[in-house]
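Here's a quick tour of one protein chain, put together for someone just starting out. Have a look at the picture first, then work through the points underneath.

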Amino acid sequence: MRGFILFAVFMLILVAAVCATAVIVKRREDKRLGEFQDNILKKQREEVQNIYQTMRGWRHDYHNHMQAIKAYLAMNQVEETLAYLEHLEEDLDSIDIAIQTGNVALDAILSSKVSIAAKRDIDVNYTAKVPGKLQVSDVHLCAIIGNLLDNAVEACESVEAGKKFIRIYIGIFRNQLYISVSNATSATRRRSLAELATTKQGEHGLGLGRVDRIVEGYNGFLNRENEPGIFATEIMLPL
């Protein structure tokens, strides 16, 4: 009888130790994920702030640009005028924040990421329209889009020039919010999702995990597909 009691006490202590360890590990993981997400949001805020600062600077110089163009035209220097206008157009394209989806937070994050991709010579094609009110929070929506596009840009960096692309579609499909992001990759063979998970270590691995948890939290649907030269993610979230 005494032996049984000692065994029972030992098992209780063991279970308590396991539970305590699990709690500690979970807290550390939550803290790690929280710090990672804070860094992502900080990075996104800095990117958007940089775009607005550049736009304000361009607007500040508007008068000077008009004076220069008038001077070229006054001297009948048509070629110089066209070259100047072309330069201004390229400069304005690089800071474009004209993406209007119906959601201000989504406008900002898309404009930021598209601008970054364009500066890295990545061909970006996007279509994005969402309702004014969504069940998914702005923070979670930006976390999803930000992580997906960060990974897409990173994947394109190893692709040869002229073949880099990112395709984005965000809209309503079957009464749900549908998100699709596909991008070029340098992979020459199809890889399993388990293999992809092992190669996506560090911050990007945490980013994919963060996306998974957000989608799961809304009881949404997530599908990843990879073929030689292309990687795609599809997400559906309730409205």
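What follows is a short briefing, grouped by topic. Keep in mind that this is a predicted model. The chain has seven helices and five strands, and along the sequence they come in the order α-α-α-α-β-α-β-β-α-α-β-β.

**The chain as a whole**

- Of the 239 residues in the chain, 34% are buried.
- The chain's accessible surface is about 14,900 Å², and carbon and sulfur atoms account for 57% of that.
- Take the contacts between residues at least 6 apart in sequence: 69% of them join residues at least 24 apart.

**Helix H4 and what comes right after**

- Helix H4 covers residues 104-119, which makes 16 residues. From its first C-alpha to its last it reaches 23 Å, close to the expected 22 Å.
- Plenty of H4 is tucked away: the buried residues include Leu106, Ile109, Leu110, Lys113, Val114 and Ala117.
- Here's a handy bit of background: an α-helix has 3.6 residues a turn, so residues three or four places apart point the same way.
- At the start of H4, asparagine 103 lends a hand, with a side-chain oxygen within 3.1 Å of the backbone nitrogen of alanine 105.
- Just after H4 comes aspartate 121, with a positive phi of about 60°. Aspartate 121 sits in the loop between H4 and strand E1 (123-128).
- Is aspartate 121 buried or exposed? It counts as exposed, because its relative accessibility is 63% and the cut-off is over 50%.

**Another positive phi**

- Most residues other than glycine have a negative phi.
- Asparagine 76 goes the other way, with a positive phi near 55°.
- You'll find asparagine 76 in the loop between helix H2 (62-74) and H3. Asparagine 76 is exposed too, at 65% relative accessibility.

**A nonpolar patch on the surface**

- Val78, Leu82 and Leu85 make a nonpolar surface patch of about 270 Å².
- Leucine 82 belongs to helix H3 (residues 78-93), and it is exposed, with a relative accessible area of 53%.

**Salt bridges**

- Side chains of opposite charge can pair when their charged atoms come close. This chain has five salt bridges by count.
- In one of them, arginine 120 meets glutamate 157 at 2.5 Å, N to O. Arginine 120 is in the loop between H4 and E1, while glutamate 157 is in the loop between helix H5 (138-156) and strand E2 (165-173), so the pair ties together parts 37 residues apart in sequence.
- Both partners are partly exposed: arginine 120 at 39% and glutamate 157 at 46%.
- Another salt bridge joins arginine 224 and aspartate 212, at 2.8 Å, N to O. Arginine 224 lies in strand E4 and aspartate 212 in helix H7 (residues 202-217), so this pair links parts twelve residues apart in sequence.
- Arginine 224 is buried, at 15% relative accessible area, whereas aspartate 212 is partly exposed, at 32%.
- Lysine 163 and glutamate 160 also form a salt bridge, with their closest N and O atoms 3.6 Å apart.

**Asparagine 223 and its neighbours**

- Asparagine 223 is in strand E4 (residues 221-227) and is partly exposed, at 22% relative accessible area.
- Which residues does asparagine 223 touch, not counting those up to four places away in sequence? They are Ala232, Thr233 and Glu234.
- Threonine 233 is ten residues away from asparagine 223 in sequence, but their C-alpha atoms are 5.8 Å apart in space.
- The side chain of asparagine 223 also makes a polar contact with the side chain of glutamate 225, at 3.3 Å.

Definitions and conventions:
Residues numbered from 1 in each chain as written. Predicted model: local features only at pLDDT ≥ 70, side-chain atom pairs only at ≥ 80, totals over all residues. Heavy atoms only, no water. Helix = DSSP H or I, 4+ residues; strand = E, 2+ residues; numbered from the N terminus. Expected span 1.5 Å × (residues − 1). Buried < 20%, exposed > 50% of the residue type's maximum accessible area, 1.4 Å probe, protein only. Polar contact = N/O pair within 3.5 Å; in protein donor to acceptor, adjacent residues only side chain to side chain. Patch = residues over 30% accessible without salt bridge, like charges linked within 9 Å, V, L, I, M, F, W, Y side chains within 5 Å. Areas by Shrake-Rupley, 256 points an atom, 1.4 Å probe, with all protein chains shown as cover. Salt bridge = Lys/Arg side-chain N within 4 Å of Asp/Glu carboxyl O. Contact = heavy atoms within 4.5 Å.
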